[in-house]
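Here are some notes for a colleague who is new to this entry. They cover a ligand site first and a helix pair second.

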Amino acid sequence: MNQSIKPGDNPDLTEERLSGTFDTNSMAAVIYGSDKLAQRRREISEAVSRIPELQDSKPCPFMTREEKILEGSRKSAILNRLLPGLIDLDSFEETVFIHQEVIGIEGHPLALHESLFIPPIATQGTDEQQKKWLGRAQRREIIGCYAQTELGHGSNLRALETTATFDISSQEFILNSPTITSLKWWPGALGKSANWSIVIANLIVHDKNHGPHPFMVQLRDEKSHEPLPGITVGDIGPKMAFNGADNGFLGFENYRIPRENMLMRHSKVTPDGGYIRPPHAKIGYSGMVRVRSRMAAEQGLFLAHALTIAVRYSAIRRQGYLEDRSREVKVLDYQTQQHRLFPSIARAYAFIFCGFETIRLYDQLLIDVQNGNTSGMADLHALTSGLKSVVTHQTGEGIEQARMACGGHGYSMASYISEIYGVAIGGCTYEGENMVMLLQLARYLVKSIEMIQNGKSKNLGPMVAYLAANESEIDLNLGPNEYLKVFQYAARSQAWRATEKFQKLRNSGMSKEQAWNQASVELTRASRLHTRLYIMSTFINHVGSVVDQKIKKVLIDLLNVHITYEVMDIGIYVQGLLSSDQMDLIRNQLYVSLETIRPNAVSLVDSFQISDMQLRSVLGRRDGNVYENLFKWAKSCPLNDKDVLESVTKYLKPMMDKSKL
Ligand SMILES: CC/C=C\C/C=C\C/C=C\C/C=C\C=C\C(=O)SCCNC(=O)CCNC(=O)[C@H](O)C(C)(C)COP(=O)(O)OP(=O)(O)OC[C@H]1O[C@@H](n2cnc3c(N)ncnc32)[C@H](O)[C@@H]1OP(=O)(O)O
Ligand SMILES: Cc1cc2nc3c(=O)[nH]c(=O)nc-3n(C[C@H](O)[C@H](O)[C@H](O)COP(=O)(O)OP(=O)(O)OC[C@H]3O[C@@H](n4cnc5c(N)ncnc54)[C@H](O)[C@@H]3O)c2cc1C
């Protein structure tokens with residue numbers, strides 16, 4: 001049964017929930033990985049809803065930027081006091097979840113503290129460094145951020161300009177921002193809130209530049225919160241969204257920190273100026289891999305937010321007629337609306353399933369690396385580079401479709417979809433601009449094909465083994481595995497096409513860099529197809545592992561939406577494999593699968609179990625009572641505090657009076 005049904009709900013939404021064929025709590029358990037984890041989310045939401053001081057003081061869209069930061073800080077401080085009784089403090093998931101529930105998605109002063117400040121200390125700091133800072137950070141005696149990007153440099157880490165020069169005589173590093181372009185720019189919470197930061201700077205010892213390394217740097221006085229001498233710091237100004245966070249700038253002028261402040265678990269500088277290399281050249285990049293490995297699930301949930309709003313609203317919004325002219329139909333009954341929303345529901349599920357898989361892979365890699373085995377780093381870097389790029393892009397597309405599916409009200413901040421969109425698409429840029437990261441995966445694909453060309457196919461990892469296969473015909477009787485083969489064909493032929501283009505350019509005498517650039521559009525296409533194949537195969541495997549038969553049945557229906565939609569979407573890449581009859585068959589299967597999933601649409605989004613508090617959307621309310629609440633929301637807008645505004649008395653009225661003469 002659908003666990004969201006309550007008395008007083010909009011009857012159209014109740015009708016939808018009654019038509020669902022499965023238990024939404026059981027589905028939530030599949031989405032979040034276990035009954036216990038899903039149950040914990042419900043318990044935390046429930047507990048938070050009973051604490052008056054954690055409620056929003058007013059709707060976020062009516063707040064100024066300063067009010068958002070103040071509100072985020074107020075709630076962070078209360079949460080810090082209450083957290084021990086509300087969550088398992090050792091659980092990163094519960095910490096992130098409660099902050100999103102209470103403060104929302106627009107960011108807050110501690111938004112980066114848990115995800116980008118604490119992890120590098122925990123994974124790249126020595127035991128002594130952890131002893132010194134980890135407890136303080138976890139108790140939030142200090143607030144931290146992650147300062148890597150510079151005004152003139154983001155994607156290309158090797159061009160960072162900030163320097164940390166070792167001074168043997170004082171046993172200190174001297175930090176400098178030598179140019180305007182070397183100012184750190186963008187770090188979340190740096191602007192006004194953080195007093196410490198992980199700073200990525202070029203390590204210089206005995207005049208030799210060893211490249212970017214992480215340093216633990218105090219920025220502000222712990223008593224006065226004033227910037228320390230030698231530090232220039234401030235907020236970079238309003239952004240497209242995420243304005244509850246104070247993204248900042250930072251400059252150093254001969255700013256000294258002790259030698260012990262370089263995070264030295266992997267690379268080391270000895271007191272006599274010796275440099276000890278890390279076990280893998282890119283180990284310092286692992287903080288980024290950690291965040292990327294979490295982005296698929298995070299983005300899947302952003303998409304889930306927008307779909308919860310759009311699907312619920314589409315079930316109560318009546319517009320136009322089908323057969324019965326006596327009552328307008330729910331817009332959810334239109335095939336175009338279903339085509340707009342249902343493939344995105346499938347993608348949200350697929351992204352979340354993939355996301356939990358990459359989080360697991362990262363956690364395993366971390367254990368391996370701590371034990372000295374870095375062999376899995378390249379694979380996970382390639383996988384997460386592609387995944388963050390494809391998932392953020394498709395999430396953005398899906399959220400925008402969800403907005404349009406809500407018609408005019410989707411454009412109002414009352415829907416909250418524009419904020420969700422603004423926050424989610426930030427992911428196309430942060431943690432590596434999407435094109436740049438697709439090209440990182442492309443390097444891996446090209447290397448894999450070169451292995452095949454050199455007769456070393458048996459050395460290929462399982463994720464790229466399909467590149468060596470030779471599928472040229474597909475059975476018309478299409479099941480998920482045949483769709484997978486279709487996708488493998490598309491990904492394989494594009495990877496070969498791109499690689500051969502690169503090689504041909506090389507053989508024509510072009511430099512490696514120029515040839516790469518000339519082949520790069522084809523290379524990024526190969527990366528996207530490879531990643532979409534991975535998403536599809538993870539989805540198929542995940543559904544295959546579900547035990548509850550009712551849940552499995554609806555997930556198979558959803559998988560059918562996914563595989564048919566995805567194959568139609570890449571039609572151009574499978575022209576050599578599928579006949580036009582086969583394409584027609586797939587198209588029809590997609591339309592059938594949309595109809596099949598229709599009765600479960602509301603239950604599928606209810607299963608994400610995103611509370612009204614977290615959703616912050618008038619359109620997406622659980623009870624579906626949208627119109628009366630839209631009217632209430634509009635009346636509470638500060639512009640309506642007065643009937644006659646100063647804009648009228650001061651300008652418009654005199655203008656109209658004058659025109660009358
Ligand atoms: C929890 C929060 C909840 C909700 C969130 C809501 C909103 C969030 C809001 C805000 C966002 C928050 C934070 C954002 C933070 C940031 O953005 S931090 C800054 C991130 N910056 C980047 O990601 C920069 C991207 N650039 C790079 O990573 C690198 O420059 C590079 C593109 C990888 C290139 O590096 P480099 O030049 O050194 O290397 P190459 O020469 O290109 O490659 C050499 C080989 O190294 C391999 N490689 C590269 N990286 C790795 C790695 N990490 N691991 C393993 N191997 C790696 C690469 O594959 C090459 O291998 P080869 O092909 O075999 O030679
Ligand atoms: C919301 C948000 C939060 C952020 N938080 C942080 C933070 O906490 N800490 C931090 O350090 N940084 C942070 N950043 C910065 C972020 O990591 C960078 O903006 C990001 O890495 C992209 O770098 P860039 O801005 O230099 O883009 P650019 O590299 O200048 O990209 C501009 C264009 O150039 C293209 N391009 C660049 N290089 C190549 C190439 N080699 N091949 C082909 N095309 C290329 C890109 O594809 C893009 O189209 C944040 C950014 C945002 C938006």
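Which of the 21 residues around ligand 2 come nearest?

1. The model is predicted, and the points below should be read with that in mind. The residues that come nearest to ligand 2 are Gln148, Thr149, Gly154, Ser155 and Met435, out of 21 around the ligand.

2. Two elements, β1 (144-147) and α13 (434-453), each supply at least two residues of the shell around ligand 2. The most comes from α13, which gives three residues.

3. Sorted by class, the shell around ligand 2 holds 11 nonpolar residues, nine polar ones and one charged.

4. Where does ligand 2 lie with respect to domain 1 and domain 2? Domain 1 (1-21 + 283-454 + 487-639) gives residues to the shell, and domain 2 (143-281) does too, so ligand 2 lies between them.

5. Turning to the helix pair, α8 (residues 286-316) packs with α12 (residues 417-426) at an angle of about 165°, and their axes are 10 Å apart. Angles over 145 degrees count as roughly antiparallel, so that is how α8 and α12 run relative to each other. The crossing in which α8 passes α12 is left-handed.

6. Which residues make this contact? From α8 come Gln299, Phe302, His305, Ala306 and Ile309, while α12 contributes Ile417, Ile420, Val423 and Ala424. By class, the contact of α8 with α12 has seven nonpolar residues, two polar and no charged.

Technical notes:
Residues are numbered from 1 along each chain as its sequence is written. Chains are lettered from A and ligands numbered from 1 in the order in which they are written. This is a predicted model: local features need pLDDT of at least 70, side-chain atom pairs count only at pLDDT 80 or more; totals for chains, interfaces and linings use all residues. A residue is near a molecule or strand if its C-beta atom, placed from the backbone, lies within 6 Å of it. Helices (H or I, at least four residues) and strands (E, at least two) are DSSP runs, numbered from the N terminus. Ala, Val, Leu, Ile, Met, Phe, Trp, Tyr, Cys and Pro count as nonpolar, Asp, Glu, Lys and Arg as charged, and the others, Gly among them, as polar. Domain bounds come from an automatic or database domain assignment. Axes are lines fitted to C-alpha atoms, for helices over the stretch in contact, and angles run from 0 to 180 degrees between N-to-C directions. Angles under 35 degrees count as roughly parallel, over 145 as roughly antiparallel, 65 to 115 as roughly perpendicular and the rest as oblique. A crossing is left-handed if the near helix is turned anticlockwise from the far one by less than a right angle, and right-handed if clockwise. Two residues are in contact if their C-beta atoms, placed from the backbone, lie within 7 Å.
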